[in-house]
Amino acid sequence: MIDDYTRLLEATAELEDKAAADAAVTKLILHLKSAGRMKMLPEIARELKKVAARRHALRPFVEVAHRKEEAAALRAASEAGIIARHAVVNYSLIHGWRARSAGKLVDHSAKRALLQIYQKVTL
Amino acid sequence: MQSIIERIEKEIAAWAPEVGAEETGIVRATSDGIAEIDGLSAAAMSEMVFFDPTFDRTLVEALKDPNPIYGLVLNLEEDGVRAVILGDSTKIHEGMLVRRLGRPLSIPVGESLVGRVVNALGEPVDGKGPTGAKEVRPIEREAYGVIDRASVNVPLHTGVKAVDAMIPIGRGQRELIIGDRGTGKTSIAIDTIINQKSEPAATRPVCIYVAIGQKESKTAKLAAELDARGAMEYTIIVSAPASAPAALQFLAPFAGATIGEYFMEQGKDALVVYDDLSKQAVAYRQMSLLLRRPPGREAYPGDIFYLHSRLLERAAKLSEERGGGSLTALPIIETQEGDVSAYIPTNVISITDGQIYLEANLFNKGQRPAINVGISVSRVGSAAQTKAMKKVAGKIKLELAQFRELEAFMQFSSDLDVETKKRIDAGRRMTEILNQGRGAPLPFEMEASVIFAATNGYLDSVAPEEVSAVEIKLREYLAREAGGVLTAIRESKEIREESEKALREKLDAFIARTASVA
């Protein structure tokens, strides 16, 4: 039952309409009170936090080795189906970029290439 | 140095960025060897994944420990997957990247594994370097169907008189060895492996000993013993010690079966010993509970029967069209206080083609092996027995059962008639003849000759308590004086008229000599 409530609230959150979300929470609290199930509320909040964390982990995310590569990286990521507004600089990539979203990864970084070469040479 | 530089330069020149996306997941949580992973929505059941320790580190840090840690997907859920970690779970952390391998869990197999000790993933653990096995096979596969199989009719000699005479095992059979701890279960299995040394190289089965949840010291001792007896030449040890993650203990028997199947499909014979499946069941229970699968009887998951049935069904004798190879399985089950009606023992008893039941009481009385003849059985029966053994051992089981009845009666009556006393003495003599110490398997022709002597009255004049000593002398005598007869029995696999005549002459001479010495 907690899963059902969580899914309903999750769907509401997707609307990105704050008023609608507030209304949904108010209705849920009224419903839980009338059903005598207020004890479920903390559990529902916990589940929602988990969902939010999962969404955060799987959100579109683009990293570049240098700021100057940002525009090209965002364009290439978008062509690969990963649409992000900004890219984050990650010097450990050495060169190139990588992007991930919803369990999909595109890695065009020099770090990956060097690691692959290292593994080929040492194995 | 120059060659390394050249190779690196060649790799750099040939390198091109990989185009396209790959499916990955992120570790949401990890505990007790289980990782909860977000993403990997297309991952398949039993698929291998690897946790990439290099993804969120700098290149310098990544190169210090670039080896991935493998995992096995065992739960497919709405928002992600749960995977068991097949390595050091302390290296797995929240937010770690997980990549798919796109193939089910597989291990390397091949001839080069023979003589080696490997773990459940087929990686060498004996410090002798890489195994060199090139072919890779999935550890889970469907067993051969009816059409591909032939009936089990070729014996697999254990070298243990009591087993070969009364509970014969055939190549391709599944014979359970069951009993309390310390009753000699492993000894029978190890003697069977050692005894294969006496088989001609062409028909000698490759032996695979799977140690599950055992002390590493015990496995090391066993490997040393097999090595000292020359049995490692045709043996592979798969070790998943007590210190290994539960997932590896659960996988080890499947790895053993996969290696055995490789040899079977080459048209060879293979023997796999699972020591023991009780510990595998416990490891699987632990994993299932951690994966939050609903517990059933004794907290085992609902598919515990299928776990063992799908493993043991892989033992087979293949048809001639399939090459005629075989995989014999000797699973071992440890009982508690002799309770064979517990959950796991009854499951495995119902799956296998018979069981050798070892009893603590008999063991404590000094009977070796401590086989309870009454409830031990081989469902393949005499189809997997040589003519020689059939001829000499036909009535032993019945006679021993009658002796057990009389033995019980003997405790209540001191005045026994001559006939009953004679039968009891005969039973005691037969029990003594079947007594056999650990690590002393006998070639089949010697077993047949000794049992022939016992069942044909040659030892009737020997007091039951002296039978063991006389038997040792008899074996020495036969090896020394009756080499021709033994060779004839070994080659023809039967006791023909002329062999029987010659054997009787030798036995008469031995008895006469023994009597004169006495």
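**Figure 1. Strand pairing between chains A and B.** In this predicted model, strand S4 (residues 104-109) of chain A and strand S1 (22-31) of chain B run antiparallel and are joined by 2 bridges. Strands count as paired if DSSP finds at least two bridges between them. Look for Lys104(A), whose bridge partner in S1(B) is Glu23(B). Helices (H or I, at least four residues) and strands (E, at least two) are DSSP runs, numbered from the N terminus. Residues are numbered from 1 along each chain as its sequence is written, and chains are lettered from A and ligands numbered from 1 in the order in which they are written. As the model is predicted, local features need pLDDT of at least 70 and side-chain atom pairs count only at pLDDT 80 or more, while totals for chains, interfaces and linings use all residues.

**Figure 2. The side of chain B that touches chain A.** The contact takes 21 residues from chain A and 24 residues from chain B; two residues are in contact if their C-beta atoms, placed from the backbone, lie within 7 Å. On the chain B side, helix H1 (2-14), strand S1 (22-31), strand S2 (34-39) and helix H2 (59-64) each supply at least two residues. S1(B) gives the most, with 6 residues. By type, the chain B side holds 11 nonpolar, 7 charged and 6 polar residues (Ala, Val, Leu, Ile, Met, Phe, Trp, Tyr, Cys and Pro count as nonpolar, Asp, Glu, Lys and Arg as charged, and the others, Gly among them, as polar).

**Figure 3. Helix H2 of chain A.** H2(A) covers residues 18-35 and reaches 26 Å from its first C-alpha to its last, close to the 26 Å expected at 1.5 Å a residue. The expected span is 1.5 Å times one less than the number of residues in the helix. Of its 18 residues, the number buried is 0, so H2(A) lies largely in the open. A residue is buried if 20 or more other C-beta atoms, placed from the backbone, lie within 10 Å of its own. Just after the helix comes Gly36(A), with a positive phi near 70 degrees.

**Figure 4. Helix H13 of chain B and its cover.** The 17 residues of H13(B), 418-434, should span 24 Å at 1.5 Å a residue, and the end C-alpha atoms are indeed 24 Å apart. Among the buried residues of this helix are Ala426(B), Gly427(B), Met430(B), Ile433(B) and Leu434(B), along with Arg429(B) and Glu432(B). Their cover includes helix H3 (161-166), helix H12 (396-410), helix H14 (444-455) and helix H15 (467-481) of chain B.

Conventions: Buried ≥ 20, exposed ≤ 12 C-beta atoms within 10 Å, placed from the backbone.
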